[in-house]
Amino acid sequence: MKWLVTLLLISGLAFAQTTPPADGGQPPVNETQNPEQPSTGTGTEQETPANPDESPEDAGETPADPAQEQTPVAPAPTSPATAPNPATEQPAQPAPETPKFPVVKIPVTVPEALRAPFQNALKVFSHDRVPLEAEFVASADTQFQTETDIPFNPDAGSRTLTSGNKRQVWINTATTLSQDLIWRVEAAKLLKLPDPTVLPKERTLTEQDKMALKTQFASKGDFNGDDRVDLLDLIILAKNMGVENPQKGDLNQDGTVNDQDYALFQQLYTR
Ligand SMILES: [Ca+2]
Ligand SMILES: [Ca+2]
């Protein structure tokens with residue numbers, strides 16, 4: 001009997017071992033196909049796509065097998081390959097050498113109500129090389145106003161009365177002309193831009209404007225004309241110290257180079 005019992009036990013064990021794989025074996029196969037395959041049989045094959053990092057030839061082989069394409073797409077190998085590139089590019093970019101140039105303040109007399117449109121017009125011509133900013137003072141060489149006893153020609157945007165360095169400008173607020181355009185014309189005149197009255201409504205800063213502004217404002221302190229106000233210019237200033245009617249260095253244009261010019265130079269220094 002013992003042999004029969006043992007036979008039954010053995011057969012029972014054998015049946016028990018075979019049945020589970022028959023019933024639950026198939027579903028787990030599906031589950032293992034995705035996650036577990038890499039660890040078991042195909043795991044070694046999928047690990048090879050990890051190798052493509054070392055040898056690009058292997059990466060070309062893996063996409064050939066359709067079964068491997070799902071998992072082996074392996075974003076891991078590609079991402080590290082692309083990641084170092086931007087990482088190396090970033091440190092290279094943050095080296096903007098464009099120096100910041102000092103703000104050029106434009107002294108002008110403008111009533112409160114007219115300051116906003118004037119500043120808007122000034123912004124049109126302001127740029128990195130010559131940043132412009134209005135400096136509202138009580139009695140500048142150029143004074144704007146609107147009130148006048150003399151009637152305007154309806155087609156006129158403004159009327160200007162010049163006496164020496166003083167300019168009195170009346171703005172015609174009753175005209176059908178664009179006030180924005182009128183102020184741009186006045187700002188262009190004040191900045192001594194080429195053809196200030198020829199201002200299409202959509203006109204933006206032109207290269208000619210930039211050159212005119214640079215020549216007029218930005219060249220101050222930049223004695224050697226390299227678009228920077230730095231130690232090289234300071235050396236030129238120092239060489240001209242005490243020189244009467246120097247060609248360079250006389251920032252306040254009083255006929256000599258002295259401490260006053262040095263003080264002005266410090267304000268213009270960009271490096
Ligand atoms: Ca310079
Ligand atoms: Ca001087």
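A residue counts as buried here when its relative accessible area is under 20%, and as exposed when that figure is over 50%. Keep those two cut-offs in mind, since they come back throughout this walk through what is a predicted model. By that yardstick, D222 and D233 are both buried, and they make a handy place to start.

These two aspartates belong to the calcium site. The ion (ligand 1) is held by D222 (OD), N224 (OD1), D226 (OD), the backbone-labelled atom R228 (O), and D233, which appears twice through OD, at 2.2 to 2.5 Å. Reading along the chain, the donors follow the spacing D-x1-N-x1-D-x1-R-x4-D. D222 sits in the loop between helix 10 (207–218) and helix 11 (231–239), while D233 is in helix 11 itself, so the pair ties together parts that are 11 residues apart in sequence. What about the geometry around the calcium ion (ligand 1)? The angles subtended by its six donor atoms run from 54 to 164°, which makes the arrangement irregular.

Now zoom out for a moment. The protein has 12 helices and five strands. Of its 271 residues, 28% are buried. If you take the contacts between residues at least 6 apart in sequence, 50% of them join residues at least 24 apart.

Next, have a look at the sheet. Three strands make up an open sheet in the order 3-5-4, with mixed pairing. Strand 3 (142–145) and strand 4 are the edge strands, and each has a single partner, so one side of each is left without a neighbour in the sheet. From one strand to the next, the twist averages 15°. Helix 9 packs on this sheet and touches strand 3, strand 4 and strand 5, with its direction making about 175° with that of strand 5.

Strand 4 deserves a second look. It covers residues 158–163, and the number of its six residues that are buried is zero, so the strand lies largely in the open. Its partner is strand 5 (residues 166–171), and the two pair in the antiparallel sense over six bridges. If you want a landmark in that ladder, find R159, which stands opposite W170 in strand 5. The two strands form a hairpin with two residues between them, and G164 in the turn has a positive phi of about 65°.

Helix 9, which we just met on the sheet, also meets another helix. Two packed helices are described by the angle between their axes and the distance between the axes. For helix 8 (residues 112–125) and helix 9 (residues 179–190), the axes come within 8 Å and cross at roughly 65°. The crossing is right-handed. On the helix 8 side, the contact is made by L114, P117, F118, A121, L122, V124 and F125, and on the helix 9 side by W183, R184, A187, A188 and L190.

Two of those helix 8 residues, L122 and F125, turn up again around L132. This leucine lies in strand 2 (residues 132–136) and is buried, with a relative accessible area of 11%. Which residues does L132 contact, leaving aside its neighbours within four places in sequence? They are V103, V104, I106, L122, F125, S126, L191 and L213. Take I106 as an example: L132 and I106 are 26 residues apart in sequence, yet 7.0 Å apart in space, C-alpha to C-alpha.

Finally, a few loop residues are worth clicking on. N240 is found in the loop between helix 11 and helix 12 (259–268). Is N240 buried or exposed? It is buried, with a relative accessible area of 16%. Beyond its neighbours within four places in sequence, N240 is in contact with P246, K248 and V257.

N245 is in the loop between helix 11 and helix 12 too, but N245 is exposed, with a relative accessible area of 65%. Its backbone also stands out. Most residues other than glycine have a negative phi. Phi of N245, though, is near 50°, a positive value. K192 does something along those lines: its phi is positive, about 60°, although it is not a glycine. You will find K192 in the loop between helix 9 and helix 10, where it counts as exposed at 62% relative accessibility.

Notes:
Residues are numbered from 1 along each chain as its sequence is written. Chains are lettered from A and ligands numbered from 1 in the order in which they are written. This is a predicted model: local features need pLDDT of at least 70, side-chain atom pairs count only at pLDDT 80 or more; totals for chains, interfaces and linings use all residues. Side-chain values use heavy atoms; hydrogens and water are left out. Buried means under 20% relative accessible area, exposed over 50%, partly exposed in between (1.4 Å probe, protein chains only). Helices (H or I, at least four residues) and strands (E, at least two) are DSSP runs, numbered from the N terminus. Two strands pair if DSSP finds at least two bridges between them. Donors are N, O and S atoms within 2.8 Å of the metal (3.2 Å for Na, K and Ca); water is not among the atoms, so sites may look incomplete. Four donors count as tetrahedral if all angles lie between 85 and 135 degrees; four count as square planar and six as octahedral if opposite donors are over 155 degrees apart and all others between 65 and 115; anything else is irregular. Axes are lines fitted to C-alpha atoms, for helices over the stretch in contact, and angles run from 0 to 180 degrees between N-to-C directions. A crossing is left-handed if the near helix is turned anticlockwise from the far one by less than a right angle, and right-handed if clockwise. Contact means heavy atoms within 4.5 Å.
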